Number of protein chains: 2
Amino acid sequence: MDKLPHLHRRTLPPEGVAAFQSLFGDRFITSESVRIHHGTDESPYPVCPPDAVIFPCNEDEVVSVVTLCNRYKIPVTAFGIGSSLEGHVLPIQGGITLDFSQMNKVLSVDAQDFTATVQPGVIRTQLNDEIKDTGLFFPVDPGAHASLGGMAATRASGTNAVRYGTMRENVVSLRVVTAQGKVIRTASRARKSSAGYDLTHLFVGSEGTLGIIVAVTVRVYPLPEAVTAAICNFPTLQSAVESVVQVMQCGVPVARVEFMDERAVNAVNRYSKLGLKETPLLLFEFHGSETGVQEQATLVQDIAHENGGMDFQWASRPEDRTRLWTARHNSHYSGLQLRPGSRSVATDVCVPISRLAECVTQTAADLQGMPFPYTIVGHVGDGNFHVQMLIDPDSEEEWRQSEEVNHRLVHRAIGMDGTCTGEHGVGIHKIEFLKAEHGEDALELMRLVKHAYDPNNIFNPGKIISWEA
Amino acid sequence: MDKLPHLHRRTLPPEGVAAFQSLFGDRFITSESVRIHHGTDESPYPVCPPDAVIFPCNEDEVVSVVTLCNRYKIPVTAFGIGSSLEGHVLPIQGGITLDFSQMNKVLSVDAQDFTATVQPGVIRTQLNDEIKDTGLFFPVDPGAHASLGGMAATRASGTNAVRYGTMRENVVSLRVVTAQGKVIRTASRARKSSAGYDLTHLFVGSEGTLGIIVAVTVRVYPLPEAVTAAICNFPTLQSAVESVVQVMQCGVPVARVEFMDERAVNAVNRYSKLGLKETPLLLFEFHGSETGVQEQATLVQDIAHENGGMDFQWASRPEDRTRLWTARHNSHYSGLQLRPGSRSVATDVCVPISRLAECVTQTAADLQGMPFPYTIVGHVGDGNFHVQMLIDPDSEEEWRQSEEVNHRLVHRAIGMDGTCTGEHGVGIHKIEFLKAEHGEDALELMRLVKHAYDPNNIFNPGKIISWEA
């Protein structure tokens with residue numbers, strides 16, 4: 001089994017290493033423990049350490065690192081907190097990892113314009129803590145304490161995307177270090193612009209393969225006047241998903257709507273000490289004015305009841321909501337506890353909402369009889385759901401079976417006009433699926449950009465697309 | 001005066017012309033009247049006809065044209081209805097214009113998924129007519145009966161952008177013919193995806209310089225349950241704009257908020273036979289549930305009154321609203337009637353909302369004493385406004401003065417962290433401003449994409465960026 005198929009480490013030229021040592025001294029870190037930490041993420045892949053790690057303190061240091069890497073053709077991989085799921089940050093060709101944890105300042109909050117500008121190492125929860133006195137919040141919330149730089153690079157989303165969008169919609173502008181060692185800004189802070197090619201969206205989701213993000217300007221939103229959350233149990237997976245489809249089709253501006261199957265509910269009950277009834281379940285949140293929230297909730301309750309939903313339970317108190325959403329956010333970790341010592345293989349398809357119920361039910365059928373535990377959770381308002389398979393890292397057979405489930409699921413989703421990844425990104429693990437999803441001619445357009453922006457293939461090489469067709 | 005500074009027509013190779021004639025026969029049109037029509041837009045530039053025009057009937061014909069153009073290095077310019085304002089469709093290097101008026105079918109409406117897929121020649125009003133029985137609408141509404149292909153290429157917006165976004169947010173996927181004669185699709189119909197570089201956004205706003213759009217999938221929205229519109233007069237321009245800034249900062253989800261100065265009101269009164277009071281004016285529209293619309297309207301009315309707003313007049317009847325919005329949409333044409341025989345020079349800056357009042361008032365001061373009539377209108381909820389200057393096409397002096405006003409305004413906006421163009425695009429007219437806005441290093445990234453995608457510089461050459469730095 002070759003879990004890291006594209007592994008071919010480059011040999012670092014000694015004069016390149018000497019140049020780094022002369023510039024960064026003992027901040028050019030080669031200790032094994034630091035290298036191992038930066039060769040580890042939340043994917044099922046084995047540890048793959050870089051040759052060295054640098055913690056840059058500012059933009060100029062990033063420019064210095066990239067300039068030297070480009071001169072000596074040394075791979076350079078940006079690292080936030082290492083929570084990516086598809087091997088994004090594993091330096092499979094070796095080289096230097098840039099850990100952005102020291103570049104963790106909120107640079108400005110422009111409350112009147114609903115924007116905030118941060119360094120790439122700022123953690124999403126940190127941003128929300130720092131802006132809460134302004135009455136604003138940042139909604140994008142993947143299931144980890146991810147960094148804003150990593151979230152932009154992965155085009156991440158989370159539970160709020162159905163109402164507030166993903167990083168695609170919420171990144172206003174980026175500062176990026178190019179292979180040539182230039183610092184560019186991708187856009188102004190204007191809400192809209194037709195001034196040339198959209199560099200912002202080209203870098204969002206590029207997973208560190210086109211340049212290194214050194215600042216991120218994001219949209220922030222007024223905290224809603226009223227918020228309420230509700231849990232609803234359903235007799236079947238299909239009835240729960242059908243309810244969501246109908247809610248979306250009625251145009252209800254629901255802020256969050258999350259699905260958990262009975263296995264996922266069991267896992268969060270155990271991990272987060274909750275007493276949720278262990279059936280397929282939907283978790284809703286409504287944002288708006290007092291009357292607006294009430295209107296939304298009544299409509300959704302009616303739709304749920306028509307689909308057999310039971311026990312609509314409300315959570316209007318902030319502490320109850322926080323408990324519920326914290327449990328939901330921790331579902332990756334609670335899933336892992338279903339099988340101590342396991343590694344998680346997480347799928348991430350997203351389909352048009354009209355095909356969602358069909359896709360989820362076919363997938364549940366396909367999972368019957370698998371030898372490993374699994375859960376199904378989903379940001380179902382977007383048509384996005386995850387199967388988390390807890391496999392024995394030493395079992396070739398379980399790895400193979402989980403890969404086959406994922407393979408069938410991805411092709412099922414692509415057949416429904418969907419995507420192999422709604423929010424996790426491509427990394428190493430999804431490369432093979434992009435051809436089926438986009439076609440070779442579209443991949444060639446992506447490759448042309450990669451070749452033009454990174455002629456020495458230094459930026460996170462071996463991710464998203466192969467260098468050659 | 002060189003109004004078309006980049007004009008240098010290429011000589012068409014006779015064997016290229018012969019190849020087109022053999023393939024398209026008399027559908028390879030070289031008659032003067034057709035060529036003149038396709039050398040004219042709504043910009044102040046003089047007529048600049050292509051060498052020939054082809055009206056493709058399908059994707060395969062577009063592939064044939066592009067393949068021949070690439071082989072013989074003949075420029076090819078896509079043409080919707082010619083309503084662009086900055087010279088986008090003027091074939092300044094000659095060549096062939098592709099008129100998409102025959103490719104005007106709505107290909108599919110996926111009501112459950114809130115998407116519609118159209119050929120590029122479909123007009124925005126036609127799309128709305130064809131989907132109205134589904135209870136859906138397409139919100140992007142520039143001030144012309146523009147084609148969806150042209151709107152995608154220009155990253156257009158309009159009065160609904162404050163609530164529903166621009167073409168940037170509303171194009172889900174494109175089919176595009178590349179220079180190599182391949183047809184690619186930029187994305188699936190999934191609501192979100194992290195599957196590789198964002199080709200959709202790269203082509204949206206690329207003004208036909210990277211490929212030819214042959215199909216557009218857009219988001220459509222449920223018609224709101226309740227709609228109401230209101231007009232409010234203000235004593236001064238500043239008080240009107242300040243009201244908008246406060247409305248946005250309160251997070252009111254207003255669907256439309258348009259500013260017109262007293263000159264613009266006078267022009268629409270004359271052109272559209274309305275009796276609006278000729279002061280600075282805001283035109284609002286609210287979408288939502290009955291109670292939601294009421295809540296929004298009450299809050300906005302309070303804010304307007306605090307800023308000196310008078311005479312809040314309601315238009316709840318559909319026919320009254322249609323009359324008002326038709327008048328607003330026609331403001332470009334009503335402005336032209338202020339001075340029969342004039343050409344319009346329209347500015348298009350967009351700034352962060354916190355700087356909007358300052359930018360508009362400084363601009364109004366700068367316009368004092370100009371020898372030509374002008375109006376100021378704006379999609380002020382986005383921070384975007386237009387000065388329309390009605391100049392004598394034969395007056396060098398008026399052209400120069402209007403250019404200087406625009407130049408000062410663009411640099412004022414860029415100094416406020418804004419953009420030279422919110423929605424009209426770059427075309428020929430804004431090329432010189434992109435360096436100030438983005439910097440030479442960011443332009444170089446744009447240029448790298450252009451060179452990689454269009455090595456023979458056939459796609460609408462001379463637009464957005466110069467071929468060489």
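**Exercise 1. Find the residue with positive phi that follows helix 14 of chain A.**

Solution. Look just past helix 14 of chain A: Gly369(A) follows, with a positive phi near 85°. This is a predicted model, where local features need pLDDT of at least 70, side-chain atom pairs count only at pLDDT 80 or more, and totals for chains, interfaces and linings use all residues. Residues are numbered from 1 along each chain as its sequence is written, and chains are lettered from A and ligands numbered from 1 in the order in which they are written. Helices are DSSP runs of H or I with at least four residues, strands runs of E with at least two, numbered from the N terminus.

**Exercise 2. Decide which residues of helix 14 of chain A are buried, and where they point.**

Solution. Take buried as 20 or more other C-beta atoms within 10 Å of the residue's own, with C-beta atoms placed from the backbone. The buried residues are Leu356(A), Ala357(A), Cys359(A), Val360(A) and Thr363(A). Seen down the helix axis, they fall within an arc of 165° (taken from the directions from the axis to the C-beta atoms), so they line one face of helix 14. Next, list their partners in chain A: helix 9 (237–249), strand 16 (374–379), strand 17 (384–391) and helix 15 (396–415). Contact means C-beta atoms, placed from the backbone, within 7 Å.

**Exercise 3. State the turn and shift that lay chain A on chain B.**

Solution. Superpose by least squares on C-alpha atoms of residues with pLDDT of at least 70 in both copies. A turn of 180° and a shift of 0.0 Å along the axis give an RMSD of 0.0 Å. That is the relation of a two-fold axis. The same surface serves both copies: 100% of chain A's contact residues recur in chain B.

Definitions and conventions:
A residue is buried if 20 or more other C-beta atoms lie within 10 Å of its own, exposed if 12 or fewer, and partly exposed in between; C-beta atoms are placed from the backbone. Two residues are in contact if their C-beta atoms, placed from the backbone, lie within 7 Å.
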